[in-house]
Structure formats: structure tokens, C-alpha cells
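Biologist: Could you give me a close look at a single part of this structure, and set it within the whole chain?

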Amino acid sequence: MRERALIEEFKVTDPVRVRPDLLQKAAEEGWNLAADHCVVKANLQTRERAAETVPSLTQAVRSEMDRSGIHYNLVEQDTGWLLWFNTVGKRPMASQDSVGADRPPATTLLRKAAKVIRRSIPVCLGISTVRSGADGFVISLHEAEDTAKVAATRPQSGYVMAADNLSTEQLLLAWTSADSFTHTVDELLEPLDRAASTLRPTLRAYLDAESSLSETAALLGVHRNTVRDRIHRIEAILGVDLHQPDARLALHLAVRAAG
């Protein structure tokens, strides 16, 4: 119960300013938040009386995870379980791991473990991106939870989804109600800022102008061809097609949230 309460505290804290007392409590629990880590949210697909069902299934989840050979932390929640793993680079750490160990990527091993769990327990699982630090841990908690919500709608994926493999619009539309949304937006749009300071303002103007090159050019005071070239560059950097309505909606939400 102490670990569960601590997770809830982390979920409501500001990732930019994680409280020192939370860091101390995490250290007392033996949580290594400074290292790279990956968070997984496993939700029971049947939510009826889930809070009563979860404790009775925890040992089964532990047994399946123990077979994976991955060193993990597990906390019970009302809807299922929260698990996280410290990693070496992109690899989950085994009980006796080393930096030079030849191990598959974290997502590959976690997907295998998730499929094994699903053989006996009906769950949908969301796997976060690998991050480091207490701030990354806070963001990953929300990311895993929101990705699990998407996984619940994706039977074709075996009800297992990794944030890295979700499309831009799926992530953004799932995260608009999450506390981590603005931080996720920053991560998404950062490549534009690194490429050129003009790209994010151009994207916002273009979307506000309902994808009109001429109107965007007038708003920005540049030539129409300049806007067209910037939009092509934005699509290439973000890997999106702005002719797709869902992509336009998702990115419009993002740039508006970013301010």
C-alpha cells in the first residue's frame, strides 16, 4: 500500500519540479529513478469489480514476469497493475545484467512477457517510451496509462501497444485529458524547433488558416512557395501527412496546447 500511495503522489506532481521528499521516499523504496526506465500499465479488460479481482491475480502476474528474467517493480492499482523496469540503454535489466549483455530491446521483451500474461489474464497493456530521471518517470506513468487506453481498442495488436509504435494522432488524441499532455507535446514538437525556429509558427498558422497556403503566407508575411516548402519539411520531420484530417486535428491540438 505504501508503494501504491507513492505512485499516486508521483502522478500528481509536476515533472518539472519533482518534490525532494518524493525522491527521498523513492530512494527508501529502492527505486532507481536516475537510470533509464520503462513503465508498463496493465489494465484488466473487465472493469467490473476489478479492484477486488486485482489482488487475487497479482501472484499470477508475478509468476509470468519472473519467467521473463527481467528485474521489475510491480504495484497493484484499482484497474490492474503498474510495472516498471530499469534498463541498460534500451535493454531491460535482468537480475544479473551487464552493460555488455546481448539482450533484445526493451519493447521486444516486454511484448513477449505481455503475451504470456494474456494467456491466463485478460489485460490490455500500454508500454511507455524509455526515459530517465524522476521527471521522465512522472511523464512515463501517464504515457503508459494513456497508451493502455489505446491498447484497449486495438484487438488486432493483441491489446498490447507501445507508445513508440503509436501514430502521432493516436497519442495526442489519447493524451489530451492527461496531465502529461503538454510535456508530450513538447517532446513531439521539439524536432521542429531544432530544425528551424520558423517551422512551429508556420505549422500553427497553416492549421489556423485551414491549410490554405495563400492565407498562411499572408499571415506570416512570406511568399506562398515559402510556406509550401516549410510544410513539406514539417511533414518530413514529424512523419505525418497533413492532407489527413486526423493528423491535422492532432497537430492542431498540439500547437494550441503548446501556446
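Modeller: Accessible areas are obtained by the Shrake-Rupley method with a 1.4 Å probe, and for residues only the protein chains shown count as cover. On that basis the protein chain has an accessible surface of about 12600 Å², of which carbon and sulfur atoms account for 49%. This is a predicted model, in which local features need pLDDT of at least 70 and side-chain atom pairs count only at pLDDT 80 or more, while totals for chains, interfaces and linings use all residues. Residues are numbered from 1 along each chain as its sequence is written, and side-chain values use heavy atoms, with hydrogens and water left out.

The protein chain contains eleven helices and seven strands; these are DSSP runs numbered from the N terminus, helices being H or I over at least four residues and strands E over at least two. Of its 259 residues, 47% are buried, where buried means under 20% relative accessible area, exposed over 50%, and partly exposed in between (1.4 Å probe, protein chains only). A contact requires heavy atoms within 4.5 Å. Among contacts between residues at least 6 apart in sequence, 64% join residues at least 24 apart.

The part I have chosen is strand S1, with its surroundings. S1 covers residues 36-44, and eight of its nine residues are buried, so the strand is largely enclosed by the rest of the structure. Two strands are taken to pair if DSSP finds at least two bridges between them. S1 pairs with strand S5 (residues 123-127) over five bridges in the antiparallel sense, and there Val 40 stands opposite Ile 127. S1 is also joined to strand S6 (residues 131-132) by two bridges, again antiparallel; in S6, Arg 131 is the bridge partner of His 37.

Helix H5 (residues 133-151) comes next. The expected span of a helix is 1.5 Å times one less than its number of residues. With 19 residues, H5 reaches 26 Å from its first C-alpha to its last, close to the expected 27 Å. In H5, 17 of the 19 residues are buried, so this helix too is largely enclosed by the rest of the structure. Ser 140 belongs to H5 and is buried, with a relative accessible area of 0%. Leaving aside neighbours within four places in sequence, Ser 140 contacts Val 39, Ser 128, Thr 129 and Arg 131. Val 39 falls within the residue range of S1, and Arg 131 is the S6 residue bridged to His 37.

A further link to S1 comes from Gln 77, in strand S2 (residues 73-77). Gln 77 is buried, with a relative accessible area of 8%. Its side chain makes a polar contact with the side chain of Lys 41 at 3.3 Å. Such a contact is a pair of N or O atoms within 3.5 Å; within protein, one must be able to donate a hydrogen and the other to accept it, and residues adjacent in sequence count only if both atoms are side-chain atoms. Not counting residues up to four places away in sequence, Gln 77 touches Arg 4, Ile 7, Glu 8, Lys 11, Lys 41, Val 54 and Leu 82. Lys 41 thus appears both as the polar partner of Gln 77 and among the residues that Gln 77 touches.
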